[in-house]
Each structure stands twice: as structure tokens, then as C-alpha cells.
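Hi there,

Here is the structure I promised to pass on. Have a look at it first, and then read my notes below.

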Amino acid sequence: MPNRPALLFAATVLTALASTGGASMAAPAAVTVAIENFTFSPAEVTVAPGTTVTWINHDDIPHVVADTAKSFRSKVLDTDDSYSFTFSSTGSFDYFCSLHPHMTGKVVVATGAD
């Protein structure tokens, strides 16, 4: 005779996996953007809402990460300093280094992004 609680549990897990496209229901992964040679690498990232993006300065020169719409801004990042921001809403976030405005990047926050 089948074990009803075990079958019910298996059906619940399969239903949850099917509703997430088979993806894990874990929190969004963290993403790292390196600051190297006066560039953001990668220059553009696409993430899911709730994802934390961390910028790490690997240059010997200070940099500042600043959103063009002023929703986030780091302190001055010296060599090996980092700055993190968690993106809770969808949208496109253009940013630049306020000390070196030619340095630009973009974070796209979209549902369904992994």
C-alpha cells in the first residue's frame, strides 16, 4: 500500500518545481562587477529582483559607483574596497564612476532573470 504522506509530499515538491520552471526556490544569487583598468566588468548585468550586486575596485585609483537616477551611490572605493546594493524592483539602472564619468555600466533587473 502506498505511503500517502510521502506521495502528498512528492506531489507538493513537483508542483513547486513546475511552478518555478524547475528552478531552485533559493534566494537570488549575488553578482560581482569588477572595476579594472578604468572599466566595469561586465559592463552590463541582468539580474532577478532581490539580487545583490557587489562592485570591487581592483584599480590602484579610487572610484565611485553612482546611479544616474541617484538611487544608489558608493563611498570612494580605494583599491580592493567594495560596495554592494540590493536591487528590489525591476528596471534598468545606468551607473557611472563619478570620478571618471567615461566609466559606465548598467544593471537590468527583470523577473525571470537568473
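Below is what I found when I went through it.

One thing before the rest: this is a predicted model.

Let's start with the overall layout. The chain has 114 residues, and 29% of them are buried. Its secondary structure amounts to eight strands and one helix. If you walk along from the N terminus, you meet the helix and then the strands, in the pattern α-β-β-β-β-β-β-β-β.

Now the sheet. An open sheet is built from four strands, in the order β2-β1-β4-β6, and its pairing is mixed. Why do β2 and β6 each have one side without a neighbour in the sheet? Both β2 (39-41) and β6 (82-87) stand at the edges and have a single partner strand each, so one side of each is left without a neighbour there. On average, neighbouring strands in this sheet are turned by 20° against each other, ignoring direction.

Within that sheet, have a look at β1 and β4. Strand β1 covers residues 31-36 and strand β4 covers residues 51-57; the two run parallel and are joined by five bridges. If you want a spot to zoom in on, try Ala34, whose bridge partner in β4 is Ile56. As background, strands in a sheet pair through backbone hydrogen bonds, in either a parallel or an antiparallel way.

Two more numbers for the chain as a whole. Of the contacts between residues at least 6 apart in sequence, 48% join residues at least 24 apart. The accessible surface is about 6900 Å², and carbon and sulfur atoms account for 59% of that surface.

Cheers

Methods:
Residues numbered from 1 in each chain as written. Predicted model: local features only at pLDDT ≥ 70, side-chain atom pairs only at ≥ 80, totals over all residues. Heavy atoms only, no water. Buried < 20%, exposed > 50% of the residue type's maximum accessible area, 1.4 Å probe, protein only. Contact = heavy atoms within 4.5 Å. Areas by Shrake-Rupley, 256 points an atom, 1.4 Å probe, with all protein chains shown as cover. Pairing = 2+ DSSP bridges. Axes fitted to C-alpha atoms, helices over the stretch in contact; angles between N-to-C directions.
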